Amino acid sequence: MSSLAELRDARELLGNLVQREVRGKYKRSALGQGWSLLNPLAQVVVFTLVFSFFLRIPPDVGTDSGIRSFAAQLLCGLLPWAFFAGAVSGGMSSLLANGNLVKKVYFPREVLPAATVLSLLVSFAVELAVLLAVSLVLGGLGVLPHLVVVPYLVLCLTAFGLGIGLALSVANVYFRDTAQFVGIGLQVWFYLTPVVYSLDYVAQAGLEVLGQPVTTWLGLNPMTRFVEAFRAVFYDHTWPSATDLVAVTLVGAVSLVLGYLVFSRFEGRLAEEL
Amino acid sequence: MTDPAVVLDRVSKTYRLYSERNDSLKAAVMRGTRAKYREFQALQDVSLEIPTGTTYGLVGENGSGKSTLLKCIAKILRPDAGTVTTRGKVAALLELGSGFHPELSGRENVYLNGSILGLSRKELERSFDEIVHFAGIEEFIDQPVKNYSSGMYVRLGFSIAINVDPDVLLVDEVLAVGDAAFQRKCMEKFASFRAAGKTVVIVSHDAGSMRLLCDEVAWLEHGRVVATGAPDDVVHDYLEEGHEDRVQTDDGSRRWGSGEGVVDRVELLDAQGRPTTRVRTGDPMTVRLHWSTKERIERPVFGASIETLDGYYLWAHHSRDGRAVADAIEGSGYCDLVFDRVMLQPGTFDLSASLNAWDCQHVFDYRHRIVRFDVDEVLPRESGGPVALGTRWTLPTTS
């Protein structure tokens, strides 16, 4: 069978598996998909309480929007981060979770991490719609023209998360405590990404590490680029900077290619290692 | 002749048997990068051609590599060396209903499972009713599958898999599913499958049914192909080999009873009174049960029964029904059961023997499958089934 035909068949399978994830996840829970919104909402409440109310970290002022809300600024970073983190950990455990399937049926295995990541897109889209509403209410219509770039940002972020998820999914089969390790890694990564704070706020503090401003180091973190880009659109109502756009494109493409290479290198023994 | 459906060319597959598995990062770091493992060669240089349109059997003992071979054909496992070439769509019946999502309804699972097996939505919509009808679960199709009985679960799984309409169907001893009616439906489906010129590859250690089902058989042992060819020859050789093993490994599990008297051995004697394990349909045969006792046994009842190789219970006769019960036995001796004519069709059969009390409830010694014997063909022969009834066709008469 040509790999092209296999890919075409797999597209349908991918669609069905995404549906399974989406429908199966909240089946028989009273709130259903509502849960996917409540989770970030709770986080926003907690972080706002701690960082804005207790610690008095002031929010930036949105460049073109004039928005001045810690919660909105937080949401702009938190939603992409939560999607990314979900994609990484969900993609990672997708092979183990479907071990029975892998051992008994043949189909292109990369469909499993891909389906998990894509299923998260559904709730991510809903969350972004809520963010858009917040942005419209607080900052006016200025956000609308810049929305065109959002699908592209989501695409790059998906590629980034999927690439890492693909690589980790096989790693997790061979080393079962990859999952624990990644859990800690994601936590550290979260605080090294300007989600609960902004780059500007850190820049004002003027800290230096190894002779470089801290912001330079934080700028090396790909997730900083994504968060900054989402913030530019939804908080500042401007275009993301060219550097950020180039960065997210590169990061997305490189991650996806590398992740796929790692995956195909190690997928051969999956059925017996599971 | 068309191209073969499946070609295996020098296929080898090695499993790693981990003595200390590095499945935690800590272990990997502490012990260096390499995990300790022994290699187990599941398949060695297997070359096979499975012709299109045949029903092909893979026989062998547990661990002979037949399931591994099937998984290599299904592409679930990737061989370490050699190539597997398949023509057309391949579907494997390895475990039915794997991939069902318990919370989703039967309907949703049909679409999901179907697409896992490679069916498009259109194809599924076309065969949806047939799938549900075949599984016989019309009323429950919108229920979550977690509420299904295990039988319904497996039936739905089988029904989807068989309706994938593959060119090559791989079956791994999963046919013992559902009730008798469903089994019959499955066998009919198989028959129509074969009639449609599709290729079926069956793995089983139940050699008896393989002989009837398959056009061609390959016998695997320790990951190598020992023989291929017509099922009668190959299965016969396979069973012969298994037979020798069986006698040597004859252990207590095949024998039970309180032991006051035992059946030491059983001899089969031909018409001239010579020991044999081979008779022809319609020949006379004597079964001689050699017994010995530890104490005097009042009114002992000797029993004998015959099973086919796949365990089908064909016949039994004990000496109480035979009205030949002695008042008592003591010491040792033998007891004969005479067949004037062995009314069995050609095949291989197992004879079990026992020594029981008069009530036929208490067993002194039961020797399960103590002797295996072959029945050879006499022409003209009767055509099917295990028993010969001594029938004879006449030429058609025009009235």
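Start by selecting P380(B), which sits in the segment after β20 (363–376) of chain B. Now add L379(B) and look at the link between the two: the peptide bond from L379(B) to P380(B) is cis, with omega near -5 degrees. Keep in mind as you click around that this is a predicted model.

**Two unusual phi angles**

Stay in chain B and pick D45(B), a residue of strand β2 (residues 36–50). Its phi is near 50 degrees, which is a positive value in a residue other than glycine. Is D45(B) buried or exposed? It falls in between: D45(B) counts as partly exposed, because 15 other C-beta atoms lie within 10 Å.

Hop over to chain A and select L210(A), in the loop between β1 (208–209) and β2 (212–213). Here too phi is positive in a residue that isn't glycine, near 50 degrees. L210(A) is exposed, since it has 6 other C-beta atoms within 10 Å.

**A buried valine in chain A**

While you're in chain A, highlight helix α10 (residues 222–236) and find V227(A) in it. With 25 other C-beta atoms within 10 Å, V227(A) is buried. Which residues does V227(A) touch, leaving aside those up to four places away in sequence? Colour G77(A), P80(A) and W81(A), then T193(A), P194(A) and V195(A), and you have them. For a sense of distance, draw a line from the C-alpha of V227(A) to that of E272(A): they are 45 residues apart in sequence and 40 Å apart in space.

**The sheet in chain B**

Go back to chain B and show the strands in the order β5-β6-β7-β3-β8-β9. Together they make an open sheet of six strands with mixed pairing. The edges belong to β5 (90–93) and β9 (224–229) of chain B; each has a single partner strand, so one side of each is left without a neighbour in the sheet. Look along the sheet and you can follow its twist, which averages 15 degrees from one strand to the next.

Zoom in on the β5 edge. β5(B) pairs with β6 (residues 168–172) of chain B in the parallel sense, over four bridges. To see one bridge, select A91(B) and its partner in β6(B), L169(B).

Next, switch on helix α2 (residues 66–73) of chain B, which packs on this sheet. What does the helix touch? Its contacts are with β3 (55–59), β5, β6, β7 (199–204) and β8 (216–221) of chain B. Compare directions while you're there: that of α2 makes about 150 degrees with that of β7(B).

**Where the chains meet**

Finally, show both chains and colour the contacts between them: 27 residues of chain B are in contact with 24 residues of chain A. On the chain B side, the elements giving two or more residues are α1 (25–30) and α3 (106–116). α3(B) gives the most, with four residues. Colour that side by residue type and you'll get 13 nonpolar, eight polar and six charged residues.

Linger on α3(B), which is mostly covered: ten of its eleven residues are buried. Among the buried ones are E108(B), N109(B), Y111(B) and I116(B). For a last stop, step just past α3(B) to G118(B), where phi is positive at about 100 degrees.

How values were computed. Residues numbered from 1 in each chain as written. Chains lettered and ligands numbered in written order. Predicted model: local features only at pLDDT ≥ 70, side-chain atom pairs only at ≥ 80, totals over all residues. Contact = placed C-beta atoms within 7 Å. Nonpolar A, V, L, I, M, F, W, Y, C, P; charged D, E, K, R; others polar. Pairing = 2+ DSSP bridges. Axes fitted to C-alpha atoms, helices over the stretch in contact; angles between N-to-C directions. Buried ≥ 20, exposed ≤ 12 C-beta atoms within 10 Å, placed from the backbone.
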